[in-house]
Amino acid sequence: MARDDLASAAIRVQGLKKRYAAFRKPLDALLGVDLEIARGDAFGFLGPNGAGKTTTIRILATILSPTAGSAEVGGHDIREDPMAVRSLIGYMPENAGGYPLMTGQDNLLYWARLQDITGSGARERAKSLLATVGLEEAAGQKVKTYSHGMKKRLLMASALIHDPDILLLDEPAGGLDPQGIRFFRDLIHGLRQKGKTVFLSSHILSEVEQTCSTIGIIQKGRMVAVDRVEAIRQRVGAVAPARVEVDCDPPSASTVQLLRQIPKVRMVWSTPAGILVEAEPGADVADEITRVLVTDHVRIRAIRPFEPTLEDAFLSLLGGAPS
Amino acid sequence: MANPFVGMGRIAWMEVRSHLRSPRLIILAALFALAVLGAAYGLSQPQPGVFQNRPQVFAHPAIVNVSGVSHYWAIGWFADQYGVPVGGQELGFYSLEYNISGVTEHLLNSSTTSAAGFASFELGTGLPQSNASFQIRPTQTAGPGPGGVYFGRDLVNQTFTLVQGQSGFSTPTSSQDLFYLHVLALDGIPATGADVYLNDTLLGHPDANGYFRIDVTPGEHTVRLAFRGQNQTFPVRGFESSGPIFSSGADAVLVFLSISLMPLLLPIVAIAVSFDAIARERVQGSLELLLSRRVRREGILVGKFLGAFLSITLPVIVVLFAGLGVVTLASGRAPALSLAVAFMLASLFLVAIYVLLMLIFSTLAKSVGTAVVFGVVVWLVFNVLFNFLAFLLLFSSGRNPTSRSFYETLSLLYLFDPNTLFQMLISLALPSTGSTFFVIPSSGFLGPAPVIAAGVIWIVVLFLAAIVLFARKSEV
């Protein structure tokens with residue numbers, strides 16, 4: 001690997017393993033994770049529940065120590081120089097809260113002091129961030145009065161209080177309404193434009209799809225795929241069934257029979273808007289479908305080949321069927 | 001070398017701020033103040049009971065021969081246990097009638113004590129029946145207990161009558177075990193010519209009122225009284241000093257607070273403030289945030305300790321100073337400086353121990369509920385179970401509970417109990433004489449060095465344990 005590549009990696013993980021000790025049955029959460037995320041990149045970290053996403057992100061945030069392997073954040077080894085790593089990262093945990101009996105502003109000022117930001121600098125930074133996350137008016141309220149969405153926004157502000165270069169976000173939009181999800185999406189876009197590296201763990205695939213340029217999929221403690229979003233889609237497209245959605249009048253049983261006889265077509269389903277045809281991976285059957293429908297005088301309003309989505313890719317790579 | 005306590009000061013400051021604003025600490029401090037100031041005032045008042053030297057009736061039978069006829073008398077001497085007579089006190093002479101419903105008293109006569117404390121009552125010329133019971137006591141209902149007067153058949157063959165007793169007394173600066181005798185010749189005249197021996201050594205003779213007092217040293221003794229050819233011996237036991245004892249005064253109040261109130265209350269305050277120091281952070285999710293900040297785990301733990309310790313000691317010191325003020329005002333005398341300083345320092349020691357214990361258990365607790373249970377268990381172990389288990393261990397080892405080795409071993413075991421260690425630390429500042437009543441575990445059997453060393457070891461070991469445990473278990 002070129003020296004420049006090494007220097008440009010914001011996060012590098014090699015052979016990362018984590019075993020949680022337990023009296024009867026230790027749990028292997030990570031079985032050798034390898035990752036490399038370039039500076040300024042937005043990395044979407046996907047995986048089913050219990051796959052090891054949060055464990056990985058906590059190790060990168062220096063909260064957990066790995067059992068084996070190595071991890072560097074901003075060029076600093078998480079074990080040898082955790083304080084340097086903590087200076088560089090802004091960590092937003094999934095299920096954390098601030099101090100409920102303190103106001104939002106006091107929470108931010110406390111986190112600022114722990115990052116060595118004090119005095120008027122801390123107050124200005126807190127005020128500006130509260131405005132950024134839309135909590136300006138609630139700044140003086142105790143956190144225990146905040147809604148789930150407000151707490152999430154405060155956590156984001158806490159992660160940003162020291163203007164870190166690398167953001168580790170664990171389910172930032174989890175449990176939020178569409179407005180909240182959009183807010184976080186816009187915020188992350190803004191951070192990317194400022195050159196920040198974003199490590200985003202999420203269950204909301206559309207959020208990752210719209211926010212991240214690179215994704216990694218983890219399952220049972222092992223990385224299943226790490227690539228650019230487009231490349232992942234293409235890989236999935238090569239192996240996933242080809243599907244064509246047709247908006248049309250309901251075809252007769254004989255027309256459906258003819259459609260099923262088209263080479264490489266596997267299934268034909270009725271949908272409220274017309275039909276959905278599934279064919280073998282890579283097959284281009286749209287023209288033949290059009291011909292059969294026109295021949296049988298079925299009125300066609302629209303015909304759309306399905307592009308594989310990130311969800312398809314996710315499910316396909318994890319061994320599930322596309323929806 | 002990198003500072004391992006990065007972030008300690010900021011976390012401590014944050015803890016102090018939030019604790020001092022929390023209703024929990026405010027309520028606890030108010031209750032603590034109420035208990036300490038109330039006890040300080042109440043205990044500074046004159047206290048009735050066996051711990052005080054109050055006058056009592058020394059009651060004797062007497063036989064006076066007038067012209068060959070025996071007249072029977074009851075003699076009451078009203079004096080305190082140091083033999084100081086009280087004149088001008090009306091004493092009543094009562095006969096007691098025992099029946100199925102209890103005892104009925106009949107006032108036969110009353111008389112006022114002379115300046116020498118004596119009052120006498122004539123019964124007549126016939127020897128009262130041997131089963132007749134009489135007593136002499138002040139005629140007021142409230143007052144010291146009665147003295148019984150007995151007219152046995154063998155009385156006529158005696159040369160003297162005797163009342164004897166043993167008491168432990170204390171003063172604000174010392175304490176003593178004493179054995180006293182009040183001896184009258186059979187005709188009711190003080191037996192000033194009697195000889196009193198301690199272990200066959202002549203000590204002296206009763207005073208003009210027939211009173212003789214012996215300050216008893218620890219150990220087994222024999223007291224012998226010889227008068228007009230008759231002897232009577234008494235086995236007397238002087239007790240080992242169990243520490244300095246006071247019956248009244250400012251020092252006594254501090255000692256009593258150290259024995260009874262502080263080991264009970266200080267742990268409660270410390271536990272209630274710090275039981276969820278780590279568990280609460282874990283449950284509300286802020287521990288995860290804290291661990292990802294520019295602070296070291298050691299800094300978090302020590303900051304948490306300092307925060308809780310300062311938050312507790314601030315109101316505790318204010319209350320204890322106020323308590324000393326109340327004691328001084330109510331008893332008219334300030335406690336000894338050494339005792340007051342030891343009291344303060346030992347209190348801080350006890351708070352530190354319980355805060356560290358709670359940090360350890362709070363680190364282990366996965367929920368606030370578990371942390372509460374740990375807090376209750378810790379309090380119960382050192383306030384209830386430890387003593388029980390220590391004695392059980394000693395008894396099961398077959399040691400004689402009256403032997404010195406029993407108490408030496410018990411003292412060693414007490415080094416493992418912070419509550420008793422707290423009392424031992426205070427006892428270092430006290431005189432080494434003792435008596436049989438108040439029992440404060442002293443350093444007497446061990447000496448100051450092991451007690452102080454145990455205190456230091458407790459703090460160091462708990463600190464290290466808390467830091468190591470937090471570093472290992474703080475992974476959320």
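This report covers the domains of chain A and the aromatic and nonpolar features of chain B in a predicted model.

## Domains of chain A

Chain A splits into two domains. Domain 1 spans 3-235, and domain 2 spans 241-307. The C-alpha centres of these two domains of chain A are 44 Å apart.

## Aromatic pairs between helices α7 and α8

Over all chains, the whole structure holds 25 aromatic pairs. One of the pairs joins Tyr354(B) and Phe382(B). Their ring centres lie 6.4 Å apart. The planes meet at 90°, so this pair is edge-to-face. Tyr354(B) belongs to helix α7 of chain B (residues 337-364), and Phe382(B) to helix α8 of chain B (residues 368-396). The pair therefore ties together parts that are 28 residues apart in sequence. Tyr354(B) is buried, at 0% relative accessibility. Phe382(B) is buried too, with a relative accessible area of 14%.

Phe361(B) and Phe374(B) make another pair. Here the ring centres are 5.3 Å apart. The planes stand at 45°, so the pair counts as tilted. Phe361(B) sits in helix α7 of chain B and Phe374(B) in helix α8 of chain B, so this contact links parts 13 residues apart in sequence. Phe361(B) is partly exposed, at 25% relative accessibility. Phe374(B) is also partly exposed, at 24%. Both values fall between the 20% limit for buried and the 50% limit for exposed.

## Aromatic cluster and charges over rings

Chain B also has an aromatic cluster. Its members are Phe58(B), Trp77(B), Phe118(B), Tyr180(B) and Tyr211(B).

Two tyrosine rings of chain B carry an arginine over the face. The charged end of Arg137(B) sits over the ring of Tyr94(B), 4.2 Å from the ring centre. Arg224(B) lies over the face of Tyr197(B), with 4.1 Å to the ring centre.

## Nonpolar surface patch

A nonpolar patch of about 690 Å² lies on the surface of chain B. Val372(B), Val376(B), Leu380(B) and Val384(B) contribute to it. So do Leu385(B), Phe388(B), Leu389(B) and Leu392(B).

Leu392(B) is part of helix α8 of chain B. At 47% relative accessibility, Leu392(B) is partly exposed. Helix α8 of chain B thus holds this patch residue as well as Phe382(B) and Phe374(B).

Note on methods
Residues numbered from 1 in each chain as written. Chains lettered and ligands numbered in written order. Predicted model: local features only at pLDDT ≥ 70, side-chain atom pairs only at ≥ 80, totals over all residues. Heavy atoms only, no water. Domains from an automatic or database assignment. Phe/Tyr/Trp six-rings, centres within 6.5 Å; stacked < 30°, edge-to-face > 60°. Helix = DSSP H or I, 4+ residues; strand = E, 2+ residues; numbered from the N terminus. Buried < 20%, exposed > 50% of the residue type's maximum accessible area, 1.4 Å probe, protein only. Lys NZ or Arg CZ within 6 Å of the ring centre and 35° of its normal. Patch = residues over 30% accessible without salt bridge, like charges linked within 9 Å, V, L, I, M, F, W, Y side chains within 5 Å. Areas by Shrake-Rupley, 256 points an atom, 1.4 Å probe, with all protein chains shown as cover. Salt bridge = Lys/Arg side-chain N within 4 Å of Asp/Glu carboxyl O.
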